[in-house]
Each structure stands twice: as structure tokens, then as C-alpha cells.
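The following exercises concern the structure displayed below. Please inspect it before reading the solutions.

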Protein chains: 2
Amino acid sequence: MLNNSCIEFINSLASKEPVPGGGGASALVGSIGVALGSMVGNLTTGKKKYQDVEEEIQNLLIKSEALTDRLNALVAKDAAAFEPLAKAYGLPSSTEEEKLEKDKVLQQALIQAAEVPLAIAECCLEGIKILDLYAQKGSRLVVSDAGVGVIFCKAALQGAKLNVLINLKLMKDEELKEKLQKKLDSILEEGIVLADKVYQYVEGQLCC
Amino acid sequence: MLNNSCIEFINSLASKEPVPGGGGASALVGSIGVALGSMVGNLTTGKKKYQDVEEEIQNLLIKSEALTDRLNALVAKDAAAFEPLAKAYGLPSSTEEEKLEKDKVLQQALIQAAEVPLAIAECCLEGIKILDLYAQKGSRLVVSDAGVGVIFCKAALQGAKLNVLINLKLMKDEELKEKLQKKLDSILEEGIVLADKVYQYVEGQLCC
């Protein structure tokens, strides 16, 4: 999916095709945010002025590059998780037996469809933590890019949230639902507070 | 630039190449956000259930598709505006005369480099307004996508802001600086309040 040109991706997003949708787009925006972190790393490493943080930056680069790969893979995973869900919605429901079968298949598909955006949210939280370090330790010349990256990861996290919520809404397994909701809440609470802190720090570096 | 694959775009963002950077990435994320609005429109138009808003949706589609094109063009414009800035930084400054000349060229380049992200910010505000209408009027089945779209446009607006600020920081024409800062502040004030309102509305539609 990401092997298509950006223009093609945007066009298929805008079309009435069911995928890619908001979930896959969230993974992509998270990936763009984390890539801006890697840019900060690549413009810091090898510079004499930043030799004290050279090792730390090298380690961050390994983490941010791997995270970009994970987020890129989640674009396709989100589309794949939608397929069984769309199939389940299309099942017949005329008889009681068909209704029961449809509900069973649907409930199973909802789990996967909720777990993928939850995994996207987890990656975005990790991205926010990495961008925090890039903003603090990376080259001052590109601190704004760390700030842009962190605000993209925050938005991708909030986008992933909505995609978890739509799938939780129809979930009947109350125990699992509560477990996933709690996990989502804790990721969001941590991620949003930290992202806002990093963005404000970067803004402070640019003003006056 | 957007004719490259998404993977290539992400890789060149992550690299130490000066462009694309946070400004171009903001235009792209805004474009992704607006495209999610078009998706809502394309999944609403022609549906019997939504025939009362058919004309409005058709009009919104014209607007959101044109806005995506404008944001896509701004990705390249941001890269083009960076070029004279990079050249200006590279000018010699050994003599007083050279210093004066460098500063003159730099000040001119800063104006363009600030105006492009300001144009991106304006487009994002327009995107937020369009997504507000898609969230209210579009198919309920894809209301989450309007919510994801609006939060992306908000993040792109905040990303563009940082790219205006870095260029304003070095600007010496206080009158112009104040004018651009005021314009930026007014776009942000309106955009962020509205984006948060739309996102909360969508979240409310998905909960319970």
C-alpha cells in the first residue's frame, strides 16, 4: 500500500473504497512523525558540537527507524483487519440461526479490528517518547522538526483512539472490552500529556 | 515529490537531506486529513438516507478535493522556499560588505520561507471547517474518519506554526513580523478551538 505514490495513497484515501481509512492513515501519520525524529538524529550524528550525545543519538536512530517500519506495516495490517469485518457485516441474518452465526463472526472480527489501532496507539506513544529525547538532545537547528514530529504522533494517537472506539462500541465481551478500553486510556493519558509538554518546549525554543 | 512512493517520501524525510522537512510534512498531513473528509463525502453521496444533504455534500466534495490539491502543491512550494534560505546561509560573511549583503539576501529568503507555512496553516484552517461539516452532515458509518481528518488538520496547523516561528525569529522587519505573527495567531486561535470541538463531537458519537 505504501509502495504506491503519495498522491495515489491520498486519492485512494479520498475515494469510497473502504481501505485505506482513518486507521491506516493514523499509522502513516505516526510514521511521518517518527521519521521527522530520525531526520533530527541524522542531522545531529557525527557533528562535533553534539559529540557528548553521539551514542545516545545512535541508539535513538536504531529505535526510531525500527518504529517507522512497525508503523508502516500497521498500515497494511489495518486494511487486513477490516476485510473480515466487512465480510461479517455482509453475512445474511434472516433466520435466528443466521443471526447467531453472523454475530459470532462479527464479534471475532471486531477484536482484530480493535487490536490493530490499539497497536498503532502503542507505537505512537513510543514515538512521542523518542521525539521527546530528540527534541532535548538533538541539533538545535532542527528542534522545530522534533516538535512537528511529536504533534503528528499525538494526532495519530488520537486518530487511532477513534478507530479503537468504533470497534469497542459493538463488542459484547464486556471483560475484554473493559480491558482494551483501560489499555487505550492509559496509553492516551501518558501520550497526550508528554506530547503537549514536548511541543510546548519546542515552541519555547523558537519564540523570541 | 509526492509522485514518489510513500515509503520513499518517509525515507527522504528521515534522511539528513534538508527537504522535505517539517513544513512539507505538515502540508502532507493536512492533505491526508482533508482526503479523509472527501472519503466521508464519497461514502455519503448518492445514498438515499442522506438525500437531504446531497447538494451540500457535492459542494463540500468540490471544496475538499480542491483543498487537497492546494496542500499537495504546498509540499513542493515549501521545499522550493527552503532553497534560497539555504543559499543565503551559505554566503560569505568575512567583510562588513559581505555581512550586509548576506543579511539582505537572508531577510528576503526568510519572508518566503515564512509565507509558505503560513499558507499551509490557512489551508488547514479551511480543512478543519470543511471537516466540521462532513462530521455533522456525512454518513454516520464513517463519522470517525471525519474525526481523524480534523485532528490531522489540527496537527498540520500546529506543525506549520512551528515552521512560521523559526523564520519569524530571525526576521528584522518588525512591522512585517508583527503582521505575520498576528495572522498566524488568528488562524491558530480559530482552528484549534474548532478542531477540538469537532473531535469531541465525533468522540461523543462513538462512545456508549
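The exercises treat the contact between the chains, the nonpolar core and a buried lysine.

This is a predicted model, in which local features need pLDDT of at least 70, side-chain atom pairs count only at pLDDT 80 or more, and totals for chains, interfaces and linings use all residues. Residues are numbered from 1 along each chain as its sequence is written, chains are lettered from A and ligands numbered from 1 in the order in which they are written, and side-chain values use heavy atoms, with hydrogens and water left out.

**Exercise 1.** Characterise the contact between chain A and chain B.

*Solution.* Step 1: with contact meaning heavy atoms within 4.5 Å, chain A and chain B each contribute 54 residues. Step 2: about 4,400 Å² is buried between chain B and chain A, and carbon and sulfur atoms give 71% of this area; buried area is the accessible area (1.4 Å probe) that two parts lose on being put together, summed over both. Step 3: two salt bridges are counted between the chains, where a salt bridge is a side-chain nitrogen of Lys or Arg within 4 Å of a carboxyl oxygen of Asp or Glu. Step 4: A:Glu203 and B:Lys161 form a salt bridge at 2.4 Å, N to O.

**Exercise 2.** Determine the contacts of A:Phe152.

*Solution.* Leaving aside neighbours within four places in sequence, the contacts of A:Phe152 include A:Ile32, A:Leu36, B:Val29 and B:Ala155.

**Exercise 3.** Describe the charge environment of A:Lys102.

*Solution.* A:Lys102 is buried (under 20% relative accessible area, 1.4 Å probe, protein chains only). A:Lys102 has no salt bridge, and A:Glu98, the nearest side chain of opposite charge, is 8.9 Å away.

Conventions: Buried means under 20% relative accessible area, exposed over 50%, partly exposed in between (1.4 Å probe, protein chains only). Lys and Arg count as positive and Asp and Glu as negative; His and the chain ends are not counted.
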